[in-house]
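Please look through the sequence and the model shown here, and then follow the paragraphs below, which go from the whole chain to single residues.

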Amino acid sequence: PQDLSSIWSNASEEPVGQVFNFRQEVFWQASKQVNAKPSGALKKCLTLIKTMTKRKGGLYFCEPVDPEELDLPDYFDIIERPMDFGTIQNWIEDGLYERSASQLPPHKQIDEDVQLVFSNAMLYNPAESDVHQCASSLLAYWKQQFAKIESEEGTSQSSAAENGQESKDTLASPQQVEGRGCGVGSPGDGVGTPSNTVLAQRHITQFFVISANGKVMSPEEHSTEPSSFLVGVLQRPGLESQAKEEAKRVAVPIKEIFLQYFPELNQKACLWIRGAFAWYKLDEPMNAYRETFQKALVRVKTG
């Protein structure tokens with residue numbers, strides 16, 4: 001069996017840096033979607049993005065930039081929030097823009113992210129490069145076409161308002177749905193919202209939880225063992241599936257644990273842990289920790 005205590009002692013400290021999920025996942029509320037598939041302005045944005053991938057230079061922006069493969073060691077030093085067409089398409093199809101904590105309408109959030117794709121490319125690549133020039137050209141095309149989408153969206157909502165109805169393409173206001181929290185920092189008996197929602201949000205995999213004296217423990221034991229650590233591998237944006245168990249780990253002092261669980265919306269339960277600088281969504285545990293984690297998830301979910 002792997003020596004988890006040794007792995008923890010060699011892990012680096014929790015980083016202050018990058019936000020891996022720019023469109024914040026919402027802990028304490030969720031929106032029921034009108035349709036399973038994107039409709040209205042979102043569908044038009046999705047179609048427009050797919051069209052741009054077929055224009056000159058569009059293929060440059062279809063996938064996340066891999067600095068290792070492209071030998072760009074300073075990429076994440078210059079680009080704070082990576083973005084690409086593929087990620088945006090997935091977020092549209094998964095309904096993430098409707099669930100976002102942003103106060104902007106979903107189609108305007110998409111506009112922000114598309115423009116971020118091009119501004120990143122123009123920031124990192126020299127003006128004379130093909131990537132920079134294609135990004136500039138596609139940005140102008142996007143702005144022109146998005147203005148039409150925005151105009152049509154405004155007309156659609158005005159018409160619905162005149163008829164005393166909500167536009168069928170507009171989601172209803174977010175419905176408050178309580179999740180379940182546990183551990184130090186969660187209110188009352190653990191039901192309700194997490195105590196802090198303003199931090200960055202990251203995903204972490206190949207993880208385990210350990211106490212300050214080196215005892216491997218279940219996540220919810222944090223309430224009785226406050227000096228404990230989440231140890232795992234941070235997932236890089238767009239490259240989550242490539243996180244390896246043997247990769248360099250970080251050790252995060254645990255401040256709070258929260259279970260995101262919306263049974264009314266048929267969502268899969270998942271645990272989040274709050275460190276000093278971010279919330280961490282727990283994805284895949286280390287093999288040696290899998291049974292412990294799965295039992296903990298059942299206990300917290302039904303407790």
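Two residues are said to be in contact when they have heavy atoms within 4.5 Å of each other. This is a predicted model, in which local features need pLDDT of at least 70 and side-chain atom pairs count only at pLDDT 80 or more, while totals for chains, interfaces and linings use all residues. Residues are numbered from 1 along each chain as its sequence is written, and side-chain values use heavy atoms, with hydrogens and water left out.

The protein has 9 helices and 10 strands, where helices (H or I, at least four residues) and strands (E, at least two) are DSSP runs numbered from the N terminus. Of its 303 residues, 47% are buried; a residue counts as buried under 20% relative accessible area, as exposed over 50% and as partly exposed in between, with a 1.4 Å probe and protein chains only. Among the contacts between residues at least 6 apart in sequence, 72% join residues at least 24 apart.

A good place to begin is a pair of helices. The axes of helix 2 (residues 40–52) and helix 7 (residues 106–124) come within 9 Å and cross at roughly 20°, the axes being lines fitted to C-alpha atoms over the stretch in contact, with angles that run from 0 to 180 degrees between N-to-C directions. Helix 2 is therefore roughly parallel to helix 7, since angles under 35 degrees count as roughly parallel, over 145 as roughly antiparallel, 65 to 115 as roughly perpendicular and the rest as oblique. Helix 2 contributes Ala-41, Leu-42, Cys-45, Ile-49 and Met-52 to the contact, and helix 7 contributes Pro-106, His-107, Ile-110, Val-114 and Phe-118.

Ala-41, which belongs to helix 2, is buried, with a relative accessible area of 3%. When neighbours within four places in sequence are left aside, Ala-41 is in contact with His-107, Ile-149 and Glu-153. Its C-alpha atom is also separated by 9.9 Å from that of Gly-154, although the two residues are 113 residues apart along the chain.

In soluble globular proteins, nonpolar side chains tend to be buried together. Here the largest nonpolar core, a set of buried Ala, Val, Leu, Ile, Met, Phe, Trp, Tyr and Cys residues joined through side-chain atoms within 4.5 Å, holds 29 residues, of which Met-52, Phe-61, Ile-88, Ile-110, Phe-118 and Trp-142 touch the most other members. Helix 2, helix 5 (85–94), helix 6 (96–99), helix 7 and helix 8 (130–162) each give two or more residues to this core, and the largest share, 8 residues, comes from helix 8. Trp-142 touches, among residues more than four places away in sequence, Cys-45, Leu-48, Ile-49, Met-52, Ile-110, Asp-111, Val-114, Gln-115 and Phe-118. A second, separate core of 28 residues includes Phe-207, Val-209, Ala-251 and Leu-271.

Is Leu-59 buried or exposed? Leu-59 lies in the loop between helix 2 and helix 3 (67–70), and it counts as exposed because its relative accessibility is 69%.

Most residues other than glycine have a negative phi. Asp-71, in the loop between helix 3 and helix 4 (75–78), has a positive phi near 55° and is exposed, with a relative accessible area of 61%. Gln-206, in strand 5 (residues 200–211), also has a positive phi, near 50°, but Gln-206 counts as buried at 12% relative accessibility.
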